[in-house]
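Here is a short report on the pockets and nonpolar cores of one protein model. Look over the sequence and structure before reading on.

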Amino acid sequence: MRLHSTTWGSGDRIALLVHGIMADHRTWRRVGPALAARGYRVIAVDLRGHGLSGRASGPAEYRPEDYADDLVETLPSGAELAVGHSLGGLVLARALDRLKPARAVYSDPAWHLAAGADGYRPELFVRGKSMTREQIRGFNPHWADEDLDTEMASVRLWDERSAYGLLDFVGADLWPARASVPSLVTLADPSVLVSPGDARMLTGRGFTVRTVEKSGHTIHRDDFDGFMSALGGWI
């Protein structure tokens with residue numbers, strides 16, 4: 001599937017941005033211009049079932065492999081930088097060998113979907129479609145008003161069937177075996193997706209791991225300055 005994309009800047013250096021579940025390219029509203037100001041041509045996609053991209057026929061076509069194939073179909077290979085958040089981090093890792101970016105950043109990546117009552121439950125995400133602006137603010141107290149507005153708009157567009165496309169991967173080992181390019185992992189504080197033990201495991205596999213103190217899962221919205229600072233030496 002050819003994905004809808006948005007571009008900031010016109011530099012020769014290319015940066016790719018891949019959002020998480022329920023969001024779209026608008027989650028990067030500050031990151032995209034900030035990278036463009038550093039000389040990048042920044043391309044942010046809407047994953048299938050999100051934003052203005054097409055919809056799959058059903059949950060069975062919302063697998064990580066489907067998302068990854070879409071990235072390869074849509075984005076240029078050989079970018080200088082690729083950034084994926086949450087689901088976007090899982091998908092980017094699956095597409096990395098074909099996209100061949102020089103460097104990769106994974107922001108609180110969804111490389112393990114825990115099983116059980118406290119684990120991944122698609123119905124909880126589906127309920128998010130009916131959340132009010134104030135409920136979203138309650139979960140994300142540090143977000144700017146514009147982020148609350150864009151989240152409301154993004155969630156209304158999101159195809160909730162995509163949440164069920166991940167069920168077969170709950171409890172599975174989705175961790176990358178190694179960092180095949182120089183790779184940074186930025187973590188929330190605390191991260192519900194990457195435990196301290198997981199972080200040590202990733203370090204052993206060649207990843208650089210940095211925690212953005214007191215940030216929530218969507219680090220670039222919770223603490224934009226902290227997120228950009230964590231990218232020091234990578235951009």
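This model is predicted. Start with Ile21. Beyond its neighbours within four places in sequence, Ile21 is in contact with His50, Leu87, Tyr120, Phe125, Trp158, Ala163 and Leu166.

A second core lies apart from the largest one; it has 23 residues, among them Ala15, Val105, Val212 and Ala230.

Ile21 also belongs to the largest nonpolar core, which has 45 residues. Leu16, Ile21, Leu71, Leu87, Tyr106 and Trp111 touch the most other members. Several elements each supply at least two residues of this core, including strand 2 (13–18), strand 3 (40–45), helix 2 (64–74) and helix 8 (196–204). Helix 3 gives the most, with seven residues.

Now the pockets. The table sets out the two.

| Pocket | Volume | Lining residues | Nonpolar | Polar | Charged |
|---|---|---|---|---|---|
| Largest | about 1,200 Å³ | 42 residues | 21 residues | 14 residues | seven residues |
| Second largest | about 250 Å³ | 15 residues | 10 residues | two residues | three residues |

Which residues are closest to the centre of the largest pocket? They are Ile21, Met22, Phe125, Val192 and His217. Helix 3 (87–99), helix 4 (122–127), helix 5 (133–139), helix 6 (145–157) and helix 9 (219–222) each supply at least two residues of its lining.

In the second largest pocket, Ala93, Asp97, Pro176, Ala177 and Arg178 lie nearest the centre. Helix 3 provides the largest share of that lining, five residues.

Methods:
Residues are numbered from 1 along each chain as its sequence is written. This is a predicted model: local features need pLDDT of at least 70, side-chain atom pairs count only at pLDDT 80 or more; totals for chains, interfaces and linings use all residues. Side-chain values use heavy atoms; hydrogens and water are left out. On a 1 Å grid over the protein atoms alone, a cavity is a set of points where a 1.4 Å probe fits but cannot get out, and a pocket is an open set with protein on both sides within 12 Å along at least five of seven lines; lining residues have an atom within 4 Å of a point. Grid points are joined across faces, edges and corners, and a volume is the space filled by probe spheres set on the points. Helices (H or I, at least four residues) and strands (E, at least two) are DSSP runs, numbered from the N terminus. Ala, Val, Leu, Ile, Met, Phe, Trp, Tyr, Cys and Pro count as nonpolar, Asp, Glu, Lys and Arg as charged, and the others, Gly among them, as polar. A nonpolar core is a set of buried Ala, Val, Leu, Ile, Met, Phe, Trp, Tyr and Cys residues joined through side-chain atoms within 4.5 Å. Buried means under 20% relative accessible area, exposed over 50%, partly exposed in between (1.4 Å probe, protein chains only). Contact means heavy atoms within 4.5 Å.
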